[in-house]
Amino acid sequence: MRALRYTGILPSLLMLVVVIALNARLQPHFFGLPSLEDNIATLTPTILVCLAQAVIVLSGELDLSVGAGVSLINCLLATVPISAVGGPWGLMGLALLLALALGAINGVIVTIFGLPSLIATFATAAVWFGLALALIPQPGGELDQSVGDLYSGTVSGVPVPLFIVAGALLIWTLLGRHRLGRRIVAVGSNPAAAFQAGISVLRVKLAAYLVGWLLVGLAAIAISAQTLSGDARVGDTYTLTSVAAVVIGGISLAGGRGTPWGALVGAIVLGIVSNVIYFAGIPSIWQEFFKGIVIMSALGFMVLEQKRAAVA
Amino acid sequence: MLSSPEGLPAAPPTDGEIAPPLLIARGITKHFGGVVALAGVDLTLRQGRVLGLLGANGSGKSTLSRIIAGELSSGGGEMHLAGAPLRHASPQDAARLGIVIAHQHPSLAPDMPVWENVFLGAELSYAGGFIDRAKARRRTTDVLSELGSRLDIAAPAGTLTAAGQQLVEIARALARRPRVLILDEPTAALAAAEVGHLFAAIRRLTEEGVSVIFISHRLAEIDTICDDILVMRNGRTAGAWTTSGRLDEGRILSLMTGDPDAVLREMGERRIGEPVLRLEGLRAGPAVRGVDLELRRSEIVGLAGLQGQGQVELLEAIAGDRRIDGGTLWHKDRAVSPRRPRDMINRGICLVPDDRRRQGLFSGETVGENIGYVLLALAPRPWHLPAEKLAALATRAIRRLLIKTDGPDQTVSALSGGNQQKVVIGKWLATDVEVMLLSDPTKGVDVHARSEIYAIIGELAQAGTAALVFASDVQELLLHCDRILVMYEGRIVEELSGDAMTEPRVMTAAFGKAAG
């Protein structure tokens, strides 16, 4: 209980219950298997990007290029012929390699060149988007159906998307018990202390970017497998959604405080909010407006709760 | 297992034998920009012995120890560890060689539990880098109990008291099993019992052959624990010897301060008037623990003592910039309880803060704008910009305070430190200053500007302002103040005036001697 309060995850769990209850009321057969599977498949990329953002934020940095990164990887996947890389698995390997490369570029700019991550990744986001446009100027292109089949399939009865999310969370959990994961938190919590404790702050932040972008790569694979086409704007919404999810999940934007579970809950809350608004029958022009209001309220609620917990 | 440094020292030399040197530093220099922090220090640390490092604030003790610990690179000179040249570039390198430091100001990850902080950067892990939590928790408990502490090892380090954090910082150093252990003012935040446990731990370590560099301002502690003494002054070695019998305090103080007799005195003609400010048992946070003082019109009172004894916090509390927890603050005949600086500014009680760049100036703005902010803040009609008044104020301040600038339109960050400080003082010319509180106003200011700043204070005092000045340099207080109050651990422990105002007496009180 104390651990829950300390990580600030409790209020976001409460919020999760509320949005799920709302959604279950509004969406027919929400708890039905087809609808649940569908929701999970839709949520998976969001969850993965939010987990990615969480690693980077915990290390004390930020990445505003994760969305554009998803788009760029998606466009590459829709351009490269599957025969050239030897099937769907080759294509996924390619996606992860590109993700790591993008993460390395961001990491190097932020750590070695010392640019503030807020600005640096804002700039690289434009670069990724530009490259994505160059590959796929108009939404289109085509991914091999085999990728989609893999994603919509099951592994011993468990849907693949759920498997991916579980895998990502497993990696995260292991990281939390690993030297690297704890050093990421230490660096985010107090870089000077980490340095004086003999930790290389640069290397740890770079590692955080790489781990984060591995998850971004997975997210890009998931979204590509769902749409089976290329779109230079497909990842646009993920960037700020991931930042909001991180905050809702009780992770401090100053770094060093929070858990992956918070990011998971925040991602699901934000994902379901879109659902709720859709099924609430709000006219489509007003949907964005209400989404904004709901996110604002969620953030406000979180911040107030965190302050209260800090005083208690 | 925490990897122990290669080549652990051999058995300690038996009594009577001369312990061989383990760490030798020769001619170490260090510059920060144009400021010389170390001007060629020699240090010899013998195996299994405790070396006491003494010196006034700013004499270079911390810089030297950080260089030895690999946190700073030296500008010149050489170091040898166990006969081999020592060239380490980082704290990691130093730790690998067995050199570990516990800082004066604990640097912990506030969100992480105690046990993780203790092993941060030297995690006890299984193959593959997964952390052995059980072992780390057990070892943390062991190390802390060696220090006589029963801290909750699961508590986030940020929630601990200052003493608790200090103990974690020390435990972290001990957990690395050093052969050279540097303790930078480890006892400043500790209670007497905890100091006793620490000393017992140090003795056990030296019996195992570990060498310790011990920095403290408390001479009694140096006397108790140290085998060798090194006194530093202005970045140089002022004296070094092996102790035999009790310490000669006079000798140490005169080595620390240079020549204590050569104090010039210069007093303007001022008629000290009625009391304007009176404190009764003022308390503010952990730093100010009950201060009584009285300040009269036209009086210049110095606040002395070692750094961090609550002087800065006291001034901030009087200025309404820090919450007052108890006691009474009398302004003339009225008890006031300020909630914000504005409350006191309206009474003519103004603060020249400790950190002029962070608290005193808008660095990107011009000299004129900086001087004008108080006028703007106090203006009865804030929507009206009194342009002429602002310009006149700026010109007057520049002329009166002899601020060296191209004019009111120059960016304030382009000025020298001394002239920036004059701008900070100048902004108060917009109001009638009854009490001027100055927190180390000559920090980082050259000699000439320093005397000018005191001339300004003197001029204000002649016009009736009462000044309360904290300065880390005792000499300047002796030179310019009517009275000196010495603070120690949040209280005023000594009041000196007239012929009693001498550096040895101030220093003695500063070390808490007069109180205990």
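In chain B of this predicted model, take the 58 positive and 62 negative charges: their mean positions sit 3 Å apart. Chain A gives another picture, with 14 positive and 11 negative charges whose mean positions are 23 Å apart.

Here is how the two chains line up on some basic values.

| Property | Chain A | Chain B |
|---|---|---|
| Helices and strands | 14 helices and 2 strands | 17 helices and 20 strands |
| Box filled by the C-alpha atoms | roughly 50 × 50 × 40 Å | roughly 75 × 50 × 45 Å |
| Buried residues | 50% of 312 residues | 53% of 516 residues |
| Accessible surface | about 13,900 Å² | about 22,300 Å² |
| Carbon and sulfur part of that surface | 71% | 50% |

**How the chains are packed**

Chain A comes with 14 helices and 2 strands. Its radius of gyration is 19 Å, and the globule rule gives 20 Å for 312 residues, so chain A is as compact as a globular protein of that length. Chain B tells a similar story: a compact globule of 516 residues would have a radius of gyration near 24 Å, and the 25 Å of chain B agrees with that.

What about contacts that reach across the sequence? In chain A, take the contacts with a separation of 6 or more: 78% of them come from residues 24 or more positions apart. In chain B, 67% of the contacts between residues at least 6 apart join residues at least 24 apart.

**Where the two chains meet**

How many residues of each chain take part in the contact between A and B? On the chain A side there are 25, and they touch 29 residues of chain B. The two chains bury about 2,200 Å² between them, with carbon and sulfur atoms giving 49% of that area. On the chain A side, Arg177(A), Arg182(A) and Gln196(A) lose the most area to chain B, and together they make up 27% of what that side buries.

Arg182(A) deserves a closer look. You'll find Arg182(A) in helix α9 of chain A, which runs over residues 179-189. Is Arg182(A) buried or exposed? Its relative accessibility is 17%, and the cut-off for buried is under 20%, so Arg182(A) counts as buried. Setting aside its close sequence neighbours (within four places), Arg182(A) touches Leu175(A) and Gly176(A) in its own chain, and Met112(B), Pro113(B), Glu116(B) and Ile131(B) across the interface.

**Inside chain A**

Gly266(A) sits in helix α13, residues 260-279. With a relative accessibility of 0%, Gly266(A) counts as buried. Which residues does Gly266(A) touch, if those up to four places away in sequence are not counted? They are Ala245(A), Ile248(A) and Gly249(A). There's also a long jump in sequence here: Ile47(A) is 219 residues away from Gly266(A) along the chain, yet their C-alpha atoms are separated by 8.5 Å.

**Inside chain B**

Helix α12 of chain B covers residues 367-378, and its buried residues are Val367(B), Gly368(B), Asn370(B), Ile371(B), Gly372(B), Val374(B) and Leu375(B). What do these buried residues pack against? Their partners are helices α13 (387-400) and α14 of chain B.

Past the end of α14, Thr431(B) lies in the loop that links α14 (417-426) to β17 (435-439). Thr431(B) counts as buried because its relative accessibility is 16%. Beyond the residues up to four places away in sequence, Thr431(B) touches Ile345(B), Cys350(B), Val374(B) and Leu378(B). One of these, Val374(B), is also among the buried residues of helix α12.

**Two loop residues with a positive phi**

Most residues other than glycine have a negative phi. Each chain offers an exception to look at.

- Leu228(A) has a positive phi of about 55 degrees. Leu228(A) lies in the loop between α11 (201-227) and α12 (238-248) of chain A, and counts as buried because its relative accessibility is 18%.
- Arg177(B) has a positive phi near 45 degrees. Arg177(B) belongs to the loop between α5 (162-175) and β7 (180-184) of chain B. Arg177(B) counts as partly exposed because its relative accessibility is 35%.

Methods
Residues numbered from 1 in each chain as written. Chains lettered and ligands numbered in written order. Predicted model: local features only at pLDDT ≥ 70, side-chain atom pairs only at ≥ 80, totals over all residues. Heavy atoms only, no water. Helix = DSSP H or I, 4+ residues; strand = E, 2+ residues; numbered from the N terminus. Buried < 20%, exposed > 50% of the residue type's maximum accessible area, 1.4 Å probe, protein only. Contact = heavy atoms within 4.5 Å. Rg over C-alpha atoms; globule rule 2.2 N^0.38 Å. Areas by Shrake-Rupley, 256 points an atom, 1.4 Å probe, with all protein chains shown as cover. Lys, Arg positive; Asp, Glu negative; His and termini not counted. Charge placed at Lys NZ, Arg CZ, Asp CG, Glu CD. Buried area = accessible area lost by both parts, 1.4 Å probe.
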